[in-house]
Amino acid sequence: MVGSGLNLLTGEYNSTLDEKGRIMIPSKLRTGITSNVLIVTQAIVDRCLWLFTPEEWEELSSKIMGNASPFSAKNRLIMRSFIAPAQEIEFDKSGRLSIPQSLRSYAGLSKDCTILGNGKYVEIWDNQSYETYLTSNEDNLLEASEELKSISF
């Protein structure tokens, strides 16, 4: 994806959150990110964090803000839960990101974390929360995959 600040981000990795709230982003993911800065926010549909390059964040947040009215209670809820908590964070010299306490609390991040590359963005989960999510959605996976039946390769 030329010009967007990233290449296709994929992979599942385990990482450790240190006592200062820093997490090492695996080098395979870092090489796909051409910026030294990411935007981190609450993933309002799951209890994890979403990380975007500034370019991807600008595109997504502009679409949301361009279609949201401050006079709509549902729109305000989305803006307050997704746009407002977003923060810019920089990689340190060791390839770590310092996750703000408010966002660590939201996602319930403890020491052991799972990092997922999801194409245009990255997710950070608490390991136990991610395992619970996968287990509780096993039955839904087959049904969800049926919705993709028109895709062939």
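Q: Buried means under 20% relative accessible area, exposed means over 50%, and partly exposed lies in between (1.4 Å probe, protein chains only); which of these terms applies to leucine 60?
A: This is a predicted model, in which local features need pLDDT of at least 70 and side-chain atom pairs count only at pLDDT 80 or more, whereas totals for chains, interfaces and linings use all residues. Residues are numbered from 1 along each chain as its sequence is written, and side-chain values use heavy atoms, with hydrogens and water left out. Leucine 60 lies in helix α2, where helices (H or I, at least four residues) and strands (E, at least two) are DSSP runs numbered from the N terminus. Because its relative accessibility is 30%, leucine 60 counts as partly exposed.

Q: Leaving aside neighbours within four places in sequence, which residues is leucine 60 in contact with?
A: The C-alpha atoms of leucine 60 and isoleucine 83 are 9.9 Å apart, although 23 residues separate the two along the chain. Contact is a matter of heavy atoms within 4.5 Å. On that criterion, and beyond four places in sequence, the partners of leucine 60 are Phe52 and Phe82.

Q: How wide is the arc that the buried residues of α2 cover around the axis?
A: Helix α2 has 14 residues (54-67) and reaches 20 Å from its first C-alpha to its last, close to the 20 Å expected at 1.5 Å a residue, the expected span being 1.5 Å times one less than the number of residues. Within α2, Glu56, Trp57 and Ser61 are buried; what covers the buried residues includes β3, β4 and α3, while Gly66 and Asn67 are exposed on the other side of the helix. The arc is taken from the directions from the helix axis to the C-beta atoms. The buried residues lie on the same side of α2 because their arc is only 110°.

Q: How far apart are the closest N and O atoms in the salt bridge of glutamate 59 with lysine 63?
A: A salt bridge is a side-chain nitrogen of Lys or Arg within 4 Å of a carboxyl oxygen of Asp or Glu, and the whole structure holds three of them. Glutamate 59 and lysine 63 both belong to helix α2, four residues apart, or about one turn of the helix. Glutamate 59 is partly exposed at 39% relative accessibility, and lysine 63 is likewise partly exposed, at 48%. The closest N and O atoms of this pair are separated by 3.4 Å.

Q: Which residue meets arginine 96 in a salt bridge?
A: Arginine 96 counts as partly exposed because its relative accessibility is 22%. Its partner is also partly exposed, with a relative accessible area of 27%. The N-to-O distance between the two side chains is 2.7 Å, and the partner is aspartate 92.

Q: The backbone oxygen of which residue lies 2.8 Å from a polar atom of the side chain of glutamine 42?
A: Glutamine 42 lies in strand β3 (residues 37-43) and is buried because its relative accessible area is 15%. Its contacts beyond four places in sequence include Cys48, Leu49 and Tyr106. The backbone oxygen lying 2.8 Å from a polar atom of the glutamine 42 side chain is that of serine 81.

Q: Which element supplies the largest share of the largest nonpolar core?
A: A nonpolar core is a set of buried Ala, Val, Leu, Ile, Met, Phe, Trp, Tyr and Cys residues joined through side-chain atoms within 4.5 Å. The largest has 23 residues, of which Ile23, Leu49, Leu51, Leu97, Ile99 and Ile124 touch the most other members. At least two residues of this core come from each of β1, β3, β4, α4, β7 and β8. The largest share, three residues, is supplied by α4.

Q: What is the distance of the polar contact between the side chains of tryptophan 50 and glutamate 123?
A: Tryptophan 50 is in strand β4 and counts as buried because its relative accessibility is 14%. Its C-alpha lies 6.7 Å from that of isoleucine 124, which is 74 residues away in sequence. A polar contact is a pair of N or O atoms within 3.5 Å; within protein, one must be able to donate a hydrogen and the other to accept it, and residues adjacent in sequence count only if both atoms are side-chain atoms. For the side chains of tryptophan 50 and glutamate 123, the distance is 3.3 Å.
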